[in-house]
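Let's take a walk through a protein together, one piece at a time. Have the structure open and turn it around as you read.

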Amino acid sequence: MVILVVATASDPASIGPASAFLAMPGWSPGPPIAEGMESFINGDVRLLKHERSIIAEDHLDLRWQEATGEVVSEVIFLSKHTAVSNRPALTVHPIGVPHLREDESPPQGGIPGWAAMPNPRIGPWLRLMRKVAADQGLVPEFEITLEATHHGPVTNTPTMFVEIGSTEEYWVRQDAAQAVALVLWKGLGLEDGTAVGSWQRNGEKVLLGIGGGHYAPRHMDIVVKDGVWVGHLLSGYSLPMDTPAQVNGKTFGEVGGMWKHSIKTSYEATKAAFPEGEIIAHLDHK
């Protein structure tokens with residue numbers, strides 16, 4: 001099985017880390033996949049570059065298998081991050097849009113009501129990224145943070161995004177690109193053969209975050225301090241609720257909306273990504 005790292009030439013915060021990663025030892029040209037795509041091989045790692053939006057190419061794991069015969073065990077996307085704050089940041093997060101109804105159009109890829117299996121590396125790599133960023137002198141300028149589950153593309157294997165934010169000034173920063181490349185290099189075991197964040201089916205606790213804001217600060221506190229694994233992180237906007245009818249001040253019926261589907265789908269995806277793991281719901285009531 002192979003690990004698929006995906007980058008796009010259309011995004012400086014994607015191609016920058018990919019180029020820094022490819023500058024490290026051991027790479028060789030990979031097989032042709034499709035027009036406009038280029039691939040590279042290093043051990044059991046495959047780096048795939050394309051030219052479209054990072055959320056535009058669905059099922060790249062299955063497409064890689066179809067083209068090469070190699071089964072993909074996980075997917076890691078490199079991307080830019082945008083935020084209203086414009087604050088520099090390095091982020092990691094799972095993907096999916098489990099809160100959207102079938103008749104809604106996902107604004108950034110995915111399928112309504114769907115959540116990818118979260119990559120088990122998310123929690124360990126958050127902790128690794130904090131160390132690498134500090135060693136590279138990016139802290140405290142850059143915030144190192146989780147993000148809640150959001151956007152596509154559609155995948156069929158455990159998936160995560162690694163992002164640089166939050167404006168073009170930082171997307172092109174070589175030191176940020178180098179930090180992400182080092183996280184890949186160390187985290188995938190290419191440095192010394194010891195990978196970071198490989199799930200071992202050992203029954204450990206896995207956090208399923210429910211509620212809170214997009215950057216999941218209360219969930220992240222648990223992840224950093226207690227060293228737990230990370231499943232899906234559902235912020236408040238991923239838990240839409242419809243107010244039940246009221247008559248004479250009394251409420252009748254259940255709370256409707258996609259919140260229940262969002263939790264169920266995210267739980268099932270997390271459980272599938274962590275066989276034999278103990279899934280623990282962590283609620284942020286804010």
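What follows goes from a sheet to a helix, then to some ring pairs and some charged pairs. One thing to keep in mind from the start: this is a predicted model.

Let's begin with the sheet. Strands of a sheet pair through backbone hydrogen bonds, and they can do that either parallel or antiparallel. Here, eight strands make an open sheet, and if you go across it you meet them in the order β2-β3-β4-β1-β5-β8-β6-β7, with mixed pairing. Look at the two ends of that order: β2 (28-29) and β7 (143-146) are the edge strands, and each has a single partner strand, so one side of each has no neighbour in the sheet.

Now zoom in on one pairing within the sheet. Strand β6, residues 89-93, runs antiparallel to strand β8, residues 159-166, and five bridges join the two. Want one bridge to look for? Find Leu 90, and you'll see that its bridge partner in β8 is Ile 164.

Next stop: helix α6, which covers residues 217-226. Which of its residues are buried? His 219, Met 220 and Val 223 are buried. If you look down the axis of α6, the buried residues fall within an arc of 100 degrees, so they line one face of the helix. Turn to the face that points away from this buried side and you find Lys 225 and Asp 226, which are exposed.

So what sits over the buried residues of α6? The cover includes helix α3 (122-135) along with the strands β7, β9, β10 (229-234) and β13. You've met β7 already, as one of the edge strands of the sheet. Just after α6 comes Gly 227, and its phi is positive, near 70 degrees.

Time for some rings. The structure holds six aromatic pairs. In one of them, the rings of Trp 199 and Phe 274 have centres 5.0 Å apart and planes at 85 degrees, so this pair counts as edge-to-face. Trp 199 is in the loop between α5 and β9, while Phe 274 is in the loop between α7 and β13, so the pair ties together parts that are 75 residues apart in sequence. Are these two buried or exposed? Trp 199 counts as buried at 15% relative accessibility, and Phe 274 is buried as well, with a relative accessible area of 0%.

Phe 274 has another ring partner, Trp 229: their centres are 6.1 Å apart and their planes sit at 70 degrees, so this pair is edge-to-face too. Once again distant parts of the chain are linked, with Trp 229 in strand β10 and Phe 274 in its loop, 45 residues apart. Trp 229 is buried, with a relative accessible area of 10%. Put the ring pairs together and you get a cluster of Trp 199, Trp 229 and Phe 274.

Last, let's look at charges. Side chains of opposite charge can pair when their charged atoms come close. How many salt bridges does the structure hold? There are 15 salt bridges.

One of them takes us back to the edge strand β7. The side chains of Glu 143 and Arg 87 meet in a salt bridge, at 3.7 Å from N to O. Glu 143 belongs to β7 and Arg 87 to the loop between β5 (72-82) and β6, so this link spans distant parts of the chain, 56 residues apart. Both ends are partly exposed: Glu 143 has a relative accessible area of 28%, and Arg 87 has one of 39%.

Another salt bridge takes us back to the loops that hold Trp 199 and Phe 274. Arg 201 pairs with Glu 276, their closest N and O atoms being 3.6 Å apart. Arg 201 is in the loop between α5 (174-187) and β9 (205-210), and Glu 276 is in the loop between α7 (259-273) and β13 (278-283), which puts the partners 75 residues apart. Arg 201 is partly exposed at 47% relative accessible area, whereas Glu 276 is exposed at 55%. Elsewhere, salt bridges with shared partners join Arg 52, Glu 57 and Arg 63 into one network.

One more pair to find: Glu 191 and Lys 186, whose side chains meet in a salt bridge of 3.1 Å, N to O. Glu 191 is partly exposed, with a relative accessible area of 42%, and Lys 186 is partly exposed too, with 26%.

Conventions. Residues are numbered from 1 along each chain as its sequence is written. This is a predicted model: local features need pLDDT of at least 70, side-chain atom pairs count only at pLDDT 80 or more; totals for chains, interfaces and linings use all residues. Side-chain values use heavy atoms; hydrogens and water are left out. Two strands pair if DSSP finds at least two bridges between them. Helices (H or I, at least four residues) and strands (E, at least two) are DSSP runs, numbered from the N terminus. A salt bridge is a side-chain nitrogen of Lys or Arg within 4 Å of a carboxyl oxygen of Asp or Glu. Buried means under 20% relative accessible area, exposed over 50%, partly exposed in between (1.4 Å probe, protein chains only). The arc is that of the directions from the helix axis to the C-beta atoms. Contact means heavy atoms within 4.5 Å. Rings of Phe, Tyr and Trp (its six-membered ring) pair if their centres lie within 6.5 Å; planes under 30 degrees apart count as stacked, over 60 as edge-to-face and the rest as tilted.
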